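Subject: Structure for your review

Dear colleague,

Please find the structure below, together with its sequence. My notes on it follow, and I would be grateful if you read them with the model open.

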Amino acid sequence: MKRVILESPFAGDVERNIEYARKCVRHSLILGEAPIVSHLLYTQDGILNDEIEEERKWGIDAGLVWKEVAQGHVFYIDYGISKGMKYAIDYASKNNIKIEYRKIL
């Protein structure tokens with residue numbers, strides 16, 4: 001399986017975006033990938049609060065550390081590119097991580 005960092009919008013319409021992110025995870029798994037989806041993991045109750053900027057940044061940065069073992073960075077863009085996704089795109093570009101954009105809707 002190919003290890004990928006998976007990104008999709010989270011902030012804003014959180015309920016819709018969580019449902020969408022879950023579909024993205026499933027899509028990635030169907031493609032034979034092993035995705036890490038930090039915005040679903042770290043935003044669970046009792047872990048980090050996405051509405052606190054410092055904690056939001058911790059979660060984003062923790063997900064990006066996976067670049068050490070990731071073979072790609074996948075951005076699902078059916079709902080556009082969020083501020084957090086833009087941060088991750090800039091990071092991936094600066095660190096020569098392969099970027100792929102996908103739509104599933």
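**The sheet and its strands**

Strand β1 (residues 2-7) and strand β2 (residues 33-36) run parallel and are joined by four bridges. Please keep in mind throughout that this is a predicted model. Two residue pairs show where these strands meet: Val4 stands opposite Pro35 in β2, and the bridge partner of Ile5 in β2 is Ile36. The connection between the strands also has a defined hand, since β1, helix α1 (residues 14-30) and β2 make a right-handed β-α-β unit.

β1 also pairs with strand β3 (residues 72-76), again in the parallel sense and over four bridges. Here Val4 appears once more, with Gly72 as its bridge partner in β3. Val4 therefore has a partner in β2, namely Pro35, as well as the one in β3, given that a bridge is what pairs two strands.

Next comes β4, which runs parallel to β3 and is joined to it by four bridges. In this pairing, Val74 stands opposite Glu100 in β4.

In what order do the four strands of the open sheet lie? The order is β2-β1-β3-β4, with parallel pairing. β2 and β4 are the edge strands, each pairing on one side only. From one strand to the next, the twist averages 35 degrees. Helix α4 (residues 83-94) packs on this sheet and touches β1, β3 and β4. The direction of α4 makes about 155 degrees with that of β3.

**Salt bridges**

The count of salt bridges comes to seven. Three of them are described here.

One of them brings together the side chains of Glu33 and Arg102, at 2.5 Å from N to O. This pair links distant parts of the chain: Glu33 belongs to strand β2 and Arg102 to strand β4 (residues 99-102), and the two are 69 residues apart. Are these two residues buried or exposed? Glu33 is buried, because its relative accessible area is 4% and the limit for buried is under 20%. Arg102 also counts as buried, because its relative accessibility is 9%.

Another salt bridge is formed by the side chains of Glu68 and Lys67, at 2.4 Å from N to O. Glu68 counts as exposed, because its relative accessibility is 60% and exposed means over 50%. Lys67, at 22%, counts as partly exposed, because this value falls between the two limits. In addition, salt bridges that share partners join Glu33, Glu100 and Arg102 into one network.

The third joins Arg56 to Asp50, with the closest N and O atoms 2.9 Å apart. Both Arg56 and Asp50 are buried.

**Two residues of helix α3**

Arg56 is found in helix α3. Its relative accessible area is 15%, which is why it is classed as buried. What is Arg56 in contact with, leaving aside its neighbours within four places in sequence? The residues are Ala11, Asn49, Asp50 and Gly84. Among them, Asp50 is the salt-bridge partner already mentioned.

Glu55 lies in helix α3 as well, which covers residues 53-64. With neighbours within four places in sequence again left aside, Glu55 is in contact with Leu48 and Asn49. Asn49 thus appears in the contacts of Glu55 and in those of Arg56, where a contact means heavy atoms within 4.5 Å. A polar atom of the Glu55 side chain lies 2.6 Å from the backbone nitrogen of Asn49. Glu55 may also be set against Thr43: the two are twelve residues apart in sequence, and their C-alpha atoms are 9.4 Å apart in space.

**Where to begin**

I suggest that you start with Val4 and look for Pro35 in β2 and Gly72 in β3. From there, you may turn to the pair Glu33 and Arg102, and then to Arg56 with Asp50.

Yours sincerely,

A colleague

Conventions. Residues numbered from 1 in each chain as written. Predicted model: local features only at pLDDT ≥ 70, side-chain atom pairs only at ≥ 80, totals over all residues. Heavy atoms only, no water. Polar contact = N/O pair within 3.5 Å; in protein donor to acceptor, adjacent residues only side chain to side chain. Right-handed = clockwise from strand over helix to strand, strands pointing away. Salt bridge = Lys/Arg side-chain N within 4 Å of Asp/Glu carboxyl O. Buried < 20%, exposed > 50% of the residue type's maximum accessible area, 1.4 Å probe, protein only. Axes fitted to C-alpha atoms, helices over the stretch in contact; angles between N-to-C directions.
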